[in-house]
Amino acid sequence: MFFERSVADRILGAVRPHPRASPSRPREYLAIVAGALAAGACGALFDQVTATISPEYFLDGKGLAASSLPFRLAVAWTGFRGGLPLGALVAGVGLLRAARDDRFSWRAWLARIMAALAAALALCPAVMAALDPFGVREASLGAWRPGAATRYLVCLGLHAGAYLGVLVGVFLEGRRALGRSPRK
C-alpha cells in the first residue's frame with residue numbers, strides 16, 4: 001500500500017498535500033464570473049454601437065452574414081463572448097493585487113484600466129483609418145459603398161483598441177501583483 005501510494009503521488013505530482021480552499025475562495029470565483037459577465041454585457045453593447053458604425057465589419061469581417069441569428073442578436077452574442085475573457089482577466093488580476101496590497105481599491109484599479117482603454121479607443125481607430133495597414137480600401141473597391149471601408153477600419157481600430165487598452169491597463173497595473181510577496 002505504501003509503495004502504491006508513493007508511486008501514484010509521484011506520477012500525479014502530488015508529493016505534498018494540496019492546501020485546502022480558503023473560505024473566501026467561492027467569493028473569489030464568484031468575482032471572476034461576475035467580472036466576466038459584466039465585461040460580456042459591455043462587449044455586447046459595444047458591438048451594438050460598432051455595428052451601427054459599420055455593419056460590414058460584422059457581416060464580412062466577422063462572417064455574421066452566414067449566421068442564422070438575426071443580425072443584432074448575432075452581433076450581441078459575438079460581443080458578449082468577446083468580453084468574457086477580458087472581464088475574467090481584470091477580475092482575476094485584481095484579486096491577485098488585492099491579496100498582495102492592503103491599500104488595494106477596486107475603484108482605482110478599474111479607473112486606471114478604463115483610462116488605458118479610453119486612450120486606446122481614441123488612438124487605435126485613428127491610426128487604423130489613417131494607415132489602412134491591411135489594404136481594406138483597395139480590396140473593397142466596387143464591393144462596398146463609398147466610405148464603408150473607412151467605417152470598417154474605424155470599427156477594426158475600435159475593437160483592437162478595446163482589447164489593447166484592457167490588456168495594457170491590466171499589465172501596467174497588474175505587474176505590481178507579481179512584484180511583492182502576499183500579505184500575511
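**Note on the predicted model: salt bridges, pocket and surface**

1. Glu173 and Arg97 form a salt bridge, with 3.9 Å between the closest N and O atoms. Glu173 belongs to helix H7 and Arg97 to helix H4, so the pair ties together parts that are 76 residues apart in sequence. Both of these residues, Glu173 and Arg97, are buried. As with every value in this note, the contact comes from a predicted model.

2. The pair does not stand alone. A network of salt bridges links Arg97 and Glu173 with Asp101, Arg103 and Arg112. Over the whole structure, the search finds seven salt bridges.

3. The overall architecture should be stated for context. The protein chain contains seven helices and zero strands, and its elements, read from the N terminus, follow the order α-α-α-α-α-α-α. Of the 184 residues in the chain, 34% are buried.

4. A further salt bridge joins the side chains of Arg145 and Glu56, at 3.3 Å from N to O. This pair links distant parts of the chain, 89 residues apart: Arg145 is in the loop between helix H6 (136-139) and H7, while Glu56 is in helix H3 (residues 55-61). The two partners should be described separately with regard to burial. Arg145 counts as exposed because its relative accessibility is 53%, where the cut-off for exposed is over 50%. Glu56 has a relative accessible area of 11% and is therefore buried, the cut-off for buried being under 20%.

5. Asp132 merits attention on two counts. Its side chain meets that of Arg137 in a salt bridge, at 3.9 Å from N to O. Arg137 is partly exposed, with a relative accessible area of 30%, whereas Asp132 is buried at 14%. The second point concerns the backbone: phi of Asp132 is near 45°, a positive value in a residue other than glycine. Most residues other than glycine have a negative phi, which is why such a value is noted. Asp132 is located in the loop between H5 and H6.

6. Which residues lie nearest the centre of the largest pocket? They are Ala39, Cys42, Leu86, Leu117 and Val166, out of 27 residues that line the pocket. The elements that give two or more residues to this lining are helix H2 (25-53), helix H4 (71-100), helix H5 (106-131) and helix H7 (148-179). The space in the largest pocket amounts to about 660 Å³. Divided by class, its lining holds 17 nonpolar, eight polar and two charged residues.

7. On the surface, Leu164, Val168, Phe171 and Leu172 make a nonpolar patch of about 360 Å². Phe171, one of these four residues, is placed in helix H7. Is Phe171 buried or exposed? Phe171 counts as exposed because its relative accessibility is 57%, against a cut-off of over 50%.

8. Helix H7 recurs in several of the points above. Helix H7 holds Glu173, the partner of Arg97 in helix H4, and also Phe171 of the nonpolar patch. Helix H7 is likewise among the elements that give two or more residues to the lining of the largest pocket.

Terms used. Residues are numbered from 1 along each chain as its sequence is written. This is a predicted model: local features need pLDDT of at least 70, side-chain atom pairs count only at pLDDT 80 or more; totals for chains, interfaces and linings use all residues. Side-chain values use heavy atoms; hydrogens and water are left out. On a 1 Å grid over the protein atoms alone, a cavity is a set of points where a 1.4 Å probe fits but cannot get out, and a pocket is an open set with protein on both sides within 12 Å along at least five of seven lines; lining residues have an atom within 4 Å of a point. Grid points are joined across faces, edges and corners, and a volume is the space filled by probe spheres set on the points. Helices (H or I, at least four residues) and strands (E, at least two) are DSSP runs, numbered from the N terminus. Ala, Val, Leu, Ile, Met, Phe, Trp, Tyr, Cys and Pro count as nonpolar, Asp, Glu, Lys and Arg as charged, and the others, Gly among them, as polar. Patches are made of residues with over 30% relative accessible area and no salt bridge: like charges are joined within 9 Å, nonpolar side chains (Val, Leu, Ile, Met, Phe, Trp, Tyr) within 5 Å. Accessible areas come from the Shrake-Rupley method with a 1.4 Å probe; for residues, only the protein chains shown count as cover. Buried means under 20% relative accessible area, exposed over 50%, partly exposed in between (1.4 Å probe, protein chains only).
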